[in-house]
Amino acid sequence: MTPLRLGYLYGLGAYLLWGFFPLYFKLLQPAGPLEILAHRIVWSVVFVTLLLAALRNIGFLRALARRPRALAGIAAAAALIAVNWGTYIYGVNSERVVETALGYFINPLVSVLLGVTVLRERLRPTQWLALGIGAAAVGVLTVDYGRLPWLALTLAVSFAGYGLVKKRLGLPAAEGLFVESAVLALPALGYLGWLAATGDLAFGHVSAGHTALLVLAGAATAIPLLFFAGAANRLPLTALGMLQYVAPILQLGCGVLIFHEPMPPARLAGFALVWLALVVFTTDALRHARRSRRARRAATPADLALAAPDSPR
């Protein structure tokens, strides 16, 4: 199997698993969102520890301990992913799966906006058009909901911020997830202990199947992230960008077709504007990628030598 085909399989595996997450998190009730989040953190640490031990890759912690700025970045990434996970679980279990899907549809647009505001990147006119359409969509959905779609915006902003921090850290998927979960593990264990002391802990008190599903939250968190890392190492960025829409499409289908959440005309119009913004954004990205490839193929050896960094002497 070619690396490209394997990359597509990894990417589809990751986004299919993420797309069907609403079905899984619904099964974790009657545990509350914070208890589910705490189990997701704790069992992620356990699962990834076993994985790293099997790969004999625990030694990376010693090198990381000597990088205080990286540790601060990991703490920030951990806080952002905790907000994202907790908000998503709350959205699914409060029958707002459609709004969670909206969050991941607009996430690419928020990532572009962060690139402008944080990284001082310059956008092409078509990218500005996509952002404008996205802003109009949020306005339409605000009128429909009678409030800002805060849950969707929280998901989009927290995940885009997490991606920005992770890009700067450059940690591999398993190692990054281990350290981020380890940062959150102590407060998660403290919260589970408090629930046990007050008699409100669902873990071990519903059924054996429910307990097993809570334990499996660690594997359910880590496996799609590892698949995603495998895809990111093998696929062009444009292909990976196209695949990312699989998950929110499936989540939207779960919300409307399985959980029968309402989709009134105004809400559908807001989603249509979001999809239009994504079409504009994706088309521009594909066009720009094709131009870049043509420019590289047309470059002469002398041009490439000038563009390359100086070789060591």
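This is a short talk on the fold of one protein chain and a few of its residues.

Hi everyone, and thanks for coming. Before anything else, please keep in mind that what you see is a predicted model.

Let's start with the whole chain. Its secondary structure comes to 15 helices and zero strands. What radius of gyration does the chain have, and what would a compact globule have? The chain has 21 Å, and a compact globule with 313 residues would have a value near 20 Å, so the two agree. If you turn the C-alpha trace onto its principal axes, the spans are about 70 × 55 × 40 Å.

Now the inside and the outside. Buried residues account for 43% of the 313 residues. The chain exposes about 16,200 Å², and 69% of that is supplied by carbon and sulfur atoms. On the charge side, there are 26 positive and 12 negative side chains, with the centres of the two sets 11 Å apart. And how do the contacts spread along the sequence? Taking contacts between residues at least 6 apart, 85% of them join residues at least 24 apart.

With that as background, let's go into helix α5, which runs over residues 68-93. I have picked three residues there.

Ile-81 lies in α5. Is Ile-81 buried or exposed? Its relative accessibility is 4%, and because buried means under 20%, Ile-81 counts as buried. Setting aside neighbours within four places in sequence, Ile-81 is in contact with Phe-159, Tyr-162 and Leu-184. For a sense of distance, try Ile-81 and Thr-126: they are 45 residues apart along the chain, and their C-alpha atoms are separated by 30 Å.

A little further along α5 we come to Gly-86. Gly-86 is buried as well, with a relative accessible area of 18%. From Gly-86 to Tyr-191 the C-alpha distance is 14 Å, with their positions 105 residues apart in sequence.

The third one is Thr-87, again in helix α5. Thr-87 has 11% relative accessibility and so counts as buried. What does the side chain of Thr-87 reach? It reaches the backbone oxygen of Val-83, at 2.7 Å. Beyond the residues up to four places away in sequence, Thr-87 touches Leu-151, Thr-154 and Leu-155.

Next stop, helix α6, residues 97-117, where we find Asn-107. Asn-107 is buried, at a relative accessible area of 7%. So where does its polar side chain find a partner? A polar atom of the Asn-107 side chain lies 3.3 Å from the backbone nitrogen of Ala-160. Ala-160 also turns up in the contact list: leaving out residues up to four places away, Asn-107 touches Ala-156, Phe-159 and Ala-160. You may remember Phe-159, which is in contact with Ile-81 too.

Let me take you to helix α9, residues 173-198, for Gly-190. Gly-190 has 43% relative accessibility, so it counts as partly exposed. Between Gly-190 and Leu-214 there are 24 places in sequence and 17 Å in space, C-alpha to C-alpha.

I'd like to finish with the backbone, and for that we go to the loops. Which two residues are joined by a cis peptide bond? They are Gln-29 and Pro-30, with omega about 15°. Pro-30 sits in the loop between α2, residues 21-27, and α3, residues 33-55.

Then there are two residues with positive phi, neither of them a glycine. Glu-95 has a phi of about 60°, and you'll find Glu-95 in the loop between α5 and α6. Glu-95 counts as exposed, at 60% relative accessibility. The other is His-260, whose phi is about 55°. His-260 belongs to the loop between α13, residues 246-258, and α14, residues 265-298. With 61% relative accessibility, His-260 counts as exposed.

To recap: the chain has 15 helices and zero strands, Asn-107 is buried with its side chain 3.3 Å from the backbone nitrogen of Ala-160, and a cis peptide bond joins Gln-29 and Pro-30. Thanks for listening, and I'm happy to go back to any of these residues with you.

Notes:
Residues numbered from 1 in each chain as written. Predicted model: local features only at pLDDT ≥ 70, side-chain atom pairs only at ≥ 80, totals over all residues. Heavy atoms only, no water. Helix = DSSP H or I, 4+ residues; strand = E, 2+ residues; numbered from the N terminus. Buried < 20%, exposed > 50% of the residue type's maximum accessible area, 1.4 Å probe, protein only. Polar contact = N/O pair within 3.5 Å; in protein donor to acceptor, adjacent residues only side chain to side chain. Contact = heavy atoms within 4.5 Å. Rg over C-alpha atoms; globule rule 2.2 N^0.38 Å. Areas by Shrake-Rupley, 256 points an atom, 1.4 Å probe, with all protein chains shown as cover. Lys, Arg positive; Asp, Glu negative; His and termini not counted. Charge placed at Lys NZ, Arg CZ, Asp CG, Glu CD.
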